[in-house]
Amino acid sequence: MPKIIYFFISLSLIALLGCENLGPEEPMEFELLDGPLDGLSVSEQQLFLAGDIAFNDDVFTVEKGLGPLFVGTSCESCHSGDGKGHPFNQLVRFGNNNLNLPSMLSLGDGRNQIQNKAIPGFEPETVPDGFPFSILVAPAVTGLGLLDAVPDADILALADPSDANQDGISGRPHYNIPPEFTKIRNNSVPQGNNYIFRFGKKAGSYDLLHQSVSAYNQDIGITSLYDPIDPFSGLEEDPEVSTQTLNDVVFYLKTLKAPVPRNQADPDIITGKELFQSIQCAACHTPTLTTGFSPIESLSFKEFHPYTDLLLHDMGPELDDGFTEGNVGTSEWRTPPLWGIGLSGNSQGGQMFLLHDGRASSIEEAIELHGGEADNSKAQYLSLTPKEKSQLIKFINSL
Amino acid sequence: MCMSRKIYAAIALMNIYVLTLSSQTSDRDSIQESMNMDAVYDRPFLTFDKFPVNLGGYLEANSIYSIEDGLSEGLSFQARRLTLFVSASISKRIKFLTELEFENGTEEIAIEFASMDIALHPLLNLRGGIVLNPIGSFNQNHDGPKWEFVERPDVSTNLLPATFSNAGFGIYGKAYKGAWTLGYEAYLTNGFDTSIIDNEEERTFLASVKENSSRFEENFSGNALINGKFAIKHRKLGELGISYMGGTYNRQEVDGLQVDTKSRRVDVLALDLNTAIKKTGTRFIGEMAYIWLDVPDTFTQQFGNRQVGFFVDIVQPVLKTEVLDWEDAVLSLSLRTDYVDYNIGNFGQTNTNIGDDLFAITPAISFRPTPQTVLRINYRYQWQQDILNNPASRTASWYFGFSTYF
């Protein structure tokens, strides 16, 4: 047989046998925000996969119900790589600045979010003149199942609404009335009809189903069995996303892993961690929480490190947009988890857009914009030496 | 409207130029100097004595093993295309050709080409039916056995719609002077629809119009897509083509009611090159396309209003010899470079660059026992960035396959 045939056959065999070794390597686990919790059963992994497809691959078109007014065309468009969002898909919510007035004025659809984009032929909404508003950048969605499974009692144990310990920090939970479709947690500690809301920048959502139903409706203009009111017309419509898909997405969000801390043995990071405690950052950004019982074994009775207390805090005038949501005041914000913050750049195009509206381009800038209950901690941060500041930032970046 | 007038004027000027040139040329047969525009007829056909119908086709199949960011879904075998050609000389100056394609088994069955040609003069031929829009070179010259690569170029499939055909009519012709050949094509066809900015690719994607099977029956926008190409070829230097297509892609009115605020245009300009170094036998094939699109300001920036892309193939035959009973077997080494930017521009909110681009290189080894058949080993490495410019997703793919005319 001619040499050329041998050559071609040999090359084919090399290609066939060597192909596995000539591909890009899988990124290290700690470099990624997405991925499932450890220990999911086979059936749970199948559910995770279904939710992953719905969350990351399902794109809404006009034919599938997009809009006509909307903010994004898919979940993934706001939560790239399950990480923090980018200002190009920012949300705008508006309202009044007085908690004693009806808290959510609206454009007539009963909600307070602007749909700032529109399919051709329709006009997007704008904030009515004179109304205060907040710009919001989508949060990371990793580890939400762990936060969801924290018992109310544990959250309440962290609260100090009247600042009884006189440390200047007075976190309180956001009590509100959940929508009828939500399933109340077994370990809830209600106040009458009000339950602790824990998701969203102002803790505006009770649980992940509430959050997902709202996001489909308010962000993509997609109606569901649970929220059939179209944000444009204000009329009830047939569901544009199935309940099964919603359940899949909720399961996916519940079972996304927590971000993996990096370089924890680095001496600077160890020192930074000590500084984080000593200047009282940890008073709100609580390092460790524990879940209660969950039917998903990987979520049940787990200790984890989100660096949040899930409580509302007064963050001072710099972060006061004059906008209330639910029973949350204008300068109050729910403590955002700090886990995964060092990986934010990987989902925000190599930059950082921190704080609720993405105005801070670095962790330093975000700290300097803290106020209110964080005034003390900020003052202590500002008095640190440059090296100490650098160690503290390095620690926060390692989470 | 102003743009349309300019386009009509350009086509008219192109015709005048080519007609002027024809007065200086000999009366040669227009199909003897093959160009990209001749690709639909420049194929092997089976002919039968005294039977006016010719048959042909090609088959393309391969295996693929891909690894994306370290994860693979294993080995797959793909029967990508089975294409059948039927041509007929209806009378002395009238001919017919059709191309029926089955993609991935019967997943997609399409009549890619079905037209009647009337030859009035080498410079003026009429064509009507389902025509392949002459944009770039690959759209018309896409037969698998002609290429050293399993994948089609990204610019020709993901930016431009590959094998984009429409119902329509037009003219074409060629002229010669010495070693030079000039060719032109001009068609009016059905055009695009709003799926190009409303699709599950979540980006401006002209190829989504192919999902609209009624485009052979109804022109969505009601305005013709204007499509023209001008190509020049030198027998030694190669061929250079410039092509344009453009038109409205939306409906402003339906049943007399206004459903959009304005007519929205899509315009595409493409350049293509095909040349060779005679001494070494090295061939260079390339195509570049730029797309302008009127996306409503109130729509999401996910859908870009400008796109650009190109591919360049370098094909180097390294061995020509007799192998077994194949007298002119050829072994070639090739390299393809693909680049596509699906969304040119900056984000309005941050004034930072919008990503959504792709870059790939594909080294290839191909063996042609005969010119009509090619066996190919390809290795493609691709970097793809999302719209935010997050770290690129990397994909490596191995292909082993063949493509052959029959």
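**Figure 1. Thr330(A) sits in the loop between β10 (312-314) and β11 (332-334) of chain A.** This is a close-up from a predicted model, as are the views that follow. Thr330(A) counts as buried because its relative accessibility is 16%, below the 20% cut-off. A handy partner to pick out here is Met315(A): 15 residues separate Thr330(A) from Met315(A) in sequence, and their C-alpha atoms are 9.3 Å apart in space.

**Figure 2. Gly130(A) belongs to the loop that runs between β4 (117-118) and β5 (133-136) of chain A.** Here we look at an exposed residue, with a relative accessible area of 81% for Gly130(A). Gly95(A) is a useful second landmark: 35 residues along the chain lie between the positions of Gly130(A) and Gly95(A), and 9.9 Å separates their C-alpha atoms.

**Figure 3. Helix α7 (residues 243-255) of chain A is shown with its buried residues.** From first C-alpha to last, the 13 residues of α7(A) reach 18 Å, close to the 18 Å expected at 1.5 Å a residue. Thr245(A), Leu246(A), Asp248(A), Val249(A), Val250(A), Phe251(A), Tyr252(A), Leu253(A) and Thr255(A) are the buried residues in this helix. As a group, the buried residues of α7(A) pack against α2 (42-56), α4 (144-148) and α6 of chain A. Two of these neighbours, α2 and α6, appear again in the views below.

**Figure 4. Helix α2 of chain A meets α7(A), with axes that come within 7 Å and cross at roughly 105°.** That angle makes α2(A) roughly perpendicular to α7(A). On the α2(A) side, the contact is made by Glu44(A), Leu47(A), Phe48(A), Ala50(A), Gly51(A), Asp52(A), Ala54(A), Phe55(A) and Asn56(A). Facing them from α7(A) are Thr245(A), Asp248(A), Val249(A), Phe251(A), Tyr252(A), Leu253(A) and Thr255(A). Sorted by class, this contact of α2(A) with α7(A) holds nine nonpolar, four polar and three charged residues.

**Figure 5. Helix α6 (residues 208-220) of chain A is largely enclosed by the rest of the structure.** Ten of the 13 residues of α6(A) are buried, so the surrounding structure largely encloses this helix. Among them are Leu208(A), Leu209(A), His210(A), Asn217(A), Gln218(A) and Ile220(A). The helix α6(A) reaches 17 Å from its first C-alpha to its last, close to the 18 Å expected at 1.5 Å a residue.

**Figure 6. The axes of α6(A) and α7(A) come within 9 Å and cross at roughly 125°.** The two helices, α6(A) and α7(A), are therefore oblique to one another. Their crossing is right-handed. To find the contact, start from Leu208(A), Leu209(A), Ser212(A), Val213(A) and Tyr216(A) in α6(A), which meet Thr245(A), Leu246(A), Val249(A), Val250(A), Leu253(A) and Lys254(A) in α7(A). Eight nonpolar, two polar and one charged residues make up the contact of α6(A) with α7(A).

**Figure 7. Helix α8 (residues 267-278) and helix α11 (residues 386-398) of chain A pack with their axes 7 Å apart.** The angle between α8(A) and α11(A) is about 95°, so these helices are roughly perpendicular to each other. From α8(A) come Asp268(A), Ile269(A), Thr271(A), Gly272(A), Lys273(A), Leu275(A) and Phe276(A). They meet Glu388(A), Gln391(A), Leu392(A), Lys394(A), Phe395(A), Ile396(A) and Ser398(A) in α11(A). The residues of this contact between α8(A) and α11(A) divide into six nonpolar, four polar and four charged.

Definitions and conventions. Residues are numbered from 1 along each chain as its sequence is written. Chains are lettered from A and ligands numbered from 1 in the order in which they are written. This is a predicted model: local features need pLDDT of at least 70, side-chain atom pairs count only at pLDDT 80 or more; totals for chains, interfaces and linings use all residues. Side-chain values use heavy atoms; hydrogens and water are left out. Axes are lines fitted to C-alpha atoms, for helices over the stretch in contact, and angles run from 0 to 180 degrees between N-to-C directions. Helices (H or I, at least four residues) and strands (E, at least two) are DSSP runs, numbered from the N terminus. Angles under 35 degrees count as roughly parallel, over 145 as roughly antiparallel, 65 to 115 as roughly perpendicular and the rest as oblique. A crossing is left-handed if the near helix is turned anticlockwise from the far one by less than a right angle, and right-handed if clockwise. Contact means heavy atoms within 4.5 Å. Ala, Val, Leu, Ile, Met, Phe, Trp, Tyr, Cys and Pro count as nonpolar, Asp, Glu, Lys and Arg as charged, and the others, Gly among them, as polar. The expected span of a helix is 1.5 Å times one less than its number of residues. Buried means under 20% relative accessible area, exposed over 50%, partly exposed in between (1.4 Å probe, protein chains only).
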